[in-house]
Amino acid sequence: MNRYEGLASLEKPFSNAVVTLGNFDGVHRGHRIILQRTMEHARANNGLAVVFTFFPHPVTLLAPESCPLLIQTIDQRLDALERLGIDACVVEPFTLNLAQVEPKTFISDILLEKLGASEIVVGYDFTFGIHRRGTAEVLKHLGEEKGIHVHIVEAQFHDELLISSTEIRHA
């Protein structure tokens with residue numbers, strides 16, 4: 001897996017990239033389904049499966065008093081992504097400036113222009129941009145306006161328990 005330290009380290013956008021976004025803390029079974037779908041769509045179109053993730057965890061800057069304990073270190077996350085078969089991972093430094101980006105700008109400037117996304121895969125609860133105004137549904141709508149197909153992966157359960165980083169932390 002090719003690893004990139006932020007968008008600034010990319011020489012050019014990826015070609016035919018299926019991009020998934022998120023923190024992927026713990027790379028648990030719910031995350032693995034998102035990652036598998038990303039790889040399936042990439043392989044079906046002779047593309048690259050690309051993860052766009054953030055470090056540090058956004059809550060560290062946005063609400064430090066609420067910052068969760070991390071399940072894995074960034075190196076453990078990257079190793080897990082590589083073992084799963086992801087082609088490339090961009091670890092973007094999470095900053096207050098990034099948190100202020102409008103959803104439309106995030107899609108056009110980051111996902112399309114810098115990453116070269118041809119398709120996007122996110123979990124049902126993915127949020128982005130200023131005040132978390134960008135949701136998975138907003139991403140789907142704005143992506144379709146730009147001709148980009150957005151796949152939203154539904155919530156995953158074990159028996160009746162939601163599989164999530166929060167639930168794993170509680171356990």
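How many bridges join strand β3 to strand β4? In this predicted model, the number is 6, and the two strands run parallel.

## The sheet

Strands β3 and β4 belong to an open sheet of 6 strands, ordered β1-β4-β3-β2-β5-β8 and paired in parallel. At the edges stand β1 (2–4) and β8, each of which pairs on one side only. From one strand to the next, the twist averages 20°.

Strands of a sheet are held in pairs by backbone hydrogen bonds, and the pairing may be parallel or antiparallel.

## Strand β3 and its partners

Strand β3 covers residues 48–55, and β4 covers residues 88–93. Within this pair, valine 51 has cysteine 89 of β4 as its bridge partner, and phenylalanine 52 is matched with valine 90 of β4.

Strand β2 (residues 17–21) also pairs with β3, in the parallel sense, over 5 bridges. Here leucine 21 has phenylalanine 52 of β3 as its bridge partner. Phenylalanine 52 therefore appears in both pairings, with leucine 21 in one and valine 90 in the other. Strand β3 is mostly covered, with 6 of its 8 residues buried. Between β2 and β3 the chain passes through helix α1 (residues 29–44), and this β-α-β crossover is right-handed.

## Helices on the sheet

Helix α3 (residues 74–84) packs on the sheet, where it touches β1, β3 and β4. The direction of α3 makes about 170° with that of β3.

Helix α6 lies across β5 and β8. Its angle to β8 is about 160°.

## The two sides of helix α6

Helix α6 spans residues 136–145, and its buried residues are Ala136, Leu139, Leu142 and Gly143. Viewed down the axis of α6, these buried residues fall within an arc of 130°, so they line one face of the helix. The spacing fits a general rule: an α-helix has 3.6 residues a turn, so residues three or four places apart point the same way.

What do the buried residues of α6 pack against? Their contacts are with helix α5 (103–114) and with the strands β5 (117–123), β6 (127–128), β7 (134–135) and β8 (149–153). On the face turned away from the buried side, α6 carries the exposed residues Glu137 and Glu145. Just after the helix, glycine 147 takes a positive phi of about 80°.

Technical notes
Residues numbered from 1 in each chain as written. Predicted model: local features only at pLDDT ≥ 70, side-chain atom pairs only at ≥ 80, totals over all residues. Heavy atoms only, no water. Buried < 20%, exposed > 50% of the residue type's maximum accessible area, 1.4 Å probe, protein only. Helix = DSSP H or I, 4+ residues; strand = E, 2+ residues; numbered from the N terminus. Arc of directions from axis to C-beta. Contact = heavy atoms within 4.5 Å. Pairing = 2+ DSSP bridges. Axes fitted to C-alpha atoms, helices over the stretch in contact; angles between N-to-C directions. Right-handed = clockwise from strand over helix to strand, strands pointing away.
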